[in-house]
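Colleague: I should like to go through the assignments in this model and hear the reasoning behind each. Please set every value against its criterion.

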Amino acid sequence: MFRNLNRFCVASLLAVLGIVSSAQATTPSPSPQMIEQFKRLPKSEQERIARQYGIDPALLSGERKGTADSFDNPNLIRSRDGQRLNSAFDDEEFNLQSKKKSTFSFTEDASKQELKRFGYDLFEGEPSTFAPVSDVPVPSEYPLGPGDSLKIQLFGKENKQLSLMVTRDGTIQFPDIGPIVVAGMAFDEARKAILEHIQNSMIGVQASITMGELRSIRIFIAGDAYKPGSYTVSSLATITQSLFVSGGVSEIGSLRNIQLKRNGKLIGSLDLYDLLLKGDASNDLRLQSGDVVFIPAAGGLISIDGEVRRPAIYEVKKGETIGDVVNMAAGLLPGAFPKSSMVERYAKTGVKTVLNLDLTSAKGLNESAQAGDFIKVRSATAQFDTAITVVGAVVRPGKYQWFEGQRINNVLGSVWRDLQISTDLDYALVVREKDVYGNVEVHQFNLGQAINNPNSLSNLRLNARDKIFVFNYSDDGLNRFELNRLVKDRVAKISELTGASLVGSDLFGAGFSDLNRKKLVERTELAGVVVTEVSEDTDEDKQAQQELVTAEVSKMLLNIYEDQELIKHSHVMTRTELLYPLISRLKAQSRNGETAQLVFVNGQVRFEGTYPLPVEGTVKSLIAAAGGLAEGAYTGRAELTRTLTSDNGSEITHLSVELAAAVSGDNSANLLLEGRDVLTVMTTPDWQEHQTVEIRGEVKFPGIYNIRRGETLKDVVARAGGFTEYAYLPSAVFVRESVRKQEQLEIKKLADQLRRDIATRGVSKDGNIVNYADARMMLKDLENIKAVGRLVVDLPAISMGIDQADLQLENEDILYVPTTKQTVAVMGEVQHAATHRFKDGLTIEQYVAMSGGERKRADDDRTYVIKANGSVMIPKGTFWFSSEDQLMPGDTIIVPLDTEYKDNLTLWSQVTQIIYNTAVAISAISGL
């Protein structure tokens, strides 16, 4: 019999497997008879058959059901816009979304500022299947009904495991006992009743009873639900679970009056705000079959924004107040100023009105909330009431507590503990508000005396809101990497700065320099003579980027007192940068004809520029502000220029100041300063800065020599021991920086003229056609030429003692005396440019012939010679030369290009001549 039963089970399982293989999406359940027969097999036989046919034994043992009515949690959630949530998210898609979010977007930031309806994000996802939730503990008071199943484990005299379902007549069919009525009974009552029947009918048998599968009920969700309709849910489902099944509440639905109706009567209502804000789920009633969950439209909506913890749009009930709305928003932030809150409200006339409320008073909090109100809780000021600010060259810049009687040494008590090693101990400032309008005055003090001598006048008494400025003695060696990174990060929010090299450059300094240049335009040339280096940077992108940096640096400096990040890096800022916001403030408050409290110093001081005029400021204090006198300052006399203003106009006077006496503290010389005073510190007569020249090559003692004003080349050559026996004086090379700058300017002018001539020739009517490609190539070559600054000197004449050939030296002049040369070079339009050994008596044409002769495009009528000393010789004839036309070792013969070969552009000959001359000069000084 066992074999027959085994064959029957195997056949049944094969039938099930056939069905499974034909329809993988839906797995049908075996019949109860098949399950009962399978259970009667030994456990080892059950496992063997299951392994053989690849099925789960629990599927046939009744421990797990595979029916469509099984109550499993939804395993796929989709958001309302169709995107998947809580599912296996594609890594590539996730990375793409992350990159998009990391990109700075003004649109995204604006959308974040829009207020959202509170509580609706709870229903952002909708389930893709409406299978009810059933894997939750069953309470003891759960009422049994048709469709519920009970699991009964019998042990003792008889061992069995039964799964009994409550039938439609409210009973369970218990084997060997008969039907037991359980419908309508609580689970705990039914369990006790069943146990009593077992004890009475089955002697020696004990039982364990648990809930099996729960019945499903049919409910209706109506009103403003996201997906209203009829749903099958678990018999344990509540109102909130039904909301999740239907996707939640629609945008116009109410969260505060969700109604449960049964047989047409209102059973109860749920306020989701109680659950969301208080965690109170006491009104979350359990559903019964046929119940209707009705979601009405939302009531009055009120928006609250500003300094609250949870700004959003809230739904209010009748009788609720502004204080209730503030509580819904989780209260006020620490930075709120509730005394000046504002409510925008629609009046009965159809226009908006504004209501000011004090949310710290009972009257303001008890104000009735009306639909459409917009509550704005303003923020408190960023100003500190009783605090002082320390910026500059200190170890710990920032805000400090102020107390009555506080002095400088209470804040900065030690030179070694509180100050940077580069701090200027002679100059520091206290900026103080002098009236209710915020106008400031400046007090200057000696920082070293204030710390080391607390009883000195420099140890100023501080007031609330004072700002202490401490400066570096020198701007060299400041590590500004973190300061520049701060600028880059802030500018990147406006426009992306590409390239990591920007972090290495001084962005803050560049922005500040550009800020100063907007006020004072530097002169680059005077009457065609170069004064300062001309910038060649015309890149529009770089200019636009620099404008962004300049604007950001200006904004940062003007807000330095409140910018905590900038204050932290203020110890690496220069004196001029730290003074910029103060000077701007003093200029701004000089209104109604008042003189700005600013003074100026120039000349022989360490830091020229504009400085704030301190209270009782003197000449000595201005010298200290400028970092002291520079080397070479004339202390016998200084000039103070003062502007006297009256009703008839202004008058400028000049006062003489005994500078040495003023610096030493002589009251008679140490004049009090007035606004707009200009102090000029003159240079000691015949004083000169350290100047050097370099002598190289064939001199006895080559090297770098210090020179005095007016010293000549002959003098320095004599100091260098004179020339060696191998020196070739005609080929000497003399380079001067001022000549190089002038040559570079002339090359630029010539390039501009050539560019205009090319454009003019292109539209002229003379019939000539300009080869634009060749012209552009020539123009590019010309623009890339770098001047060398070679000055022609007659060194043989100087060595013979001819004073007219000698010249005065300038700083950084270089003289190179080469060894004896025995060559002549041929360059330009020849077949093979080369350098030939010098032979006395050979002519120019002979040397050209030795280089293969002229090319077809050569202009042989304009052949010229660049002499060894850098001068140019134009031959007087072709075949017969005078003594002046004789070639010498080191000369270079140039055969120029015939510019009329294709076009008669007049400037091309000048261009080619410059190119050849520059090439010869570079070749001559290649040994430098």
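Modeller: Two strands count as paired if DSSP finds at least two bridges between them. Please bear in mind that the model is predicted.

Colleague: How do you know that strand β26 and strand β30 are paired?

Modeller: Strand β26 (residues 598-603) and strand β30 (residues 678-683) are joined by four bridges. The criterion asks for at least two, so they pair. They run parallel, and within β30 the bridge partner of asparagine 602 is threonine 680.

Colleague: What makes β28 a partner of β30?

Modeller: Strand β28 (residues 633-646) and β30 share five bridges, in the antiparallel sense. The minimum is two, so the pairing holds. Threonine 641 stands opposite valine 678 in β30.

Colleague: Why are β5 and β8 called edge strands?

Modeller: They belong to an open sheet of three strands, ordered β5-β4-β8, with antiparallel pairing. β5 (160-165) and β8 (205-211) each have a single partner strand, so one side of each is left without a neighbour in the sheet. The twist from one strand to the next averages 20°.

Colleague: What supports the pairing of β4 with β8, and what packs on the sheet?

Modeller: Seven bridges connect strand β4 (residues 149-156) with β8 in the antiparallel sense; at least two are required, so the two strands pair. Leucine 154 stands opposite alanine 207 in β8. Helix α7 (residues 187-201) packs on this sheet and touches β4 and β8. The direction of helix α7 makes about 160° with that of β8.

Colleague: In what order do the strands of the five-stranded sheet lie, and which are its edges?

Modeller: The order is β20-β19-β23-β21-β22, in an open sheet with mixed pairing. The edges are β20 (398-401) and β22 (440-445), each of which pairs on one side only. Here the twist averages 25° from one strand to the next. Within this sheet, strand β19 (residues 387-392) and strand β23 (residues 467-472) pair in the parallel sense over four bridges, and threonine 389 has lysine 467 in β23 as its bridge partner.

Colleague: Is asparagine 439 buried or exposed, and how do you know?

Modeller: Its relative accessible area is 12%, and buried means under 20%, so asparagine 439 is buried. Asparagine 439 lies in the loop between β21 (423-433) and β22. Leaving aside neighbours within four places in sequence, its contacts are Arg432, Glu433, Lys434, Arg585, Gln589 and Arg591.

Colleague: What kind of aromatic pair do phenylalanine 118 and tyrosine 273 form, and why?

Modeller: The centres are 5.2 Å apart, within the 6.5 Å limit, and the planes stand at 80°, over 60, so the pair is edge-to-face. Phenylalanine 118 lies in the loop between α6 (106-112) and β3 (125-127) and tyrosine 273 in helix α9 (residues 272-278), so the pair ties together parts that are 155 residues apart in sequence. At relative accessible areas of 11% for phenylalanine 118 and 3% for tyrosine 273, both fall under 20% and are therefore buried.

Colleague: What term describes the pair of phenylalanine 118 and tyrosine 314, and why?

Modeller: With 5.0 Å between centres and 35° between planes, the pair is neither under 30 nor over 60 degrees, so it counts as tilted. Tyrosine 314 is in strand β15 (residues 312-316), 196 residues apart from phenylalanine 118. Both phenylalanine 118 and tyrosine 314 are buried.

Colleague: How do you know that a charge sits over tyrosine 561 or tyrosine 473?

Modeller: Lysine 467 lies over the face of tyrosine 561 at 5.3 Å from the ring centre, and arginine 606 over the face of tyrosine 473 at 4.0 Å. Both distances are within the 6 Å limit, so the distance condition is met. Tyr561 also forms one aromatic cluster with Tyr427, Phe469 and Phe471.

Colleague: What makes the side chains of β18 alternate?

Modeller: Along strand β18 (residues 374-377), Ile375 and Val377 point to one face and are buried, while Phe374 and Lys376 point to the other and are not. In β18, isoleucine 375 is the bridge partner of isoleucine 304, and lysine 376 stands opposite methionine 342.

Notes. Residues numbered from 1 in each chain as written. Predicted model: local features only at pLDDT ≥ 70, side-chain atom pairs only at ≥ 80, totals over all residues. Heavy atoms only, no water. Axes fitted to C-alpha atoms, helices over the stretch in contact; angles between N-to-C directions. Buried < 20%, exposed > 50% of the residue type's maximum accessible area, 1.4 Å probe, protein only. Contact = heavy atoms within 4.5 Å. Phe/Tyr/Trp six-rings, centres within 6.5 Å; stacked < 30°, edge-to-face > 60°. Lys NZ or Arg CZ within 6 Å of the ring centre and 35° of its normal.
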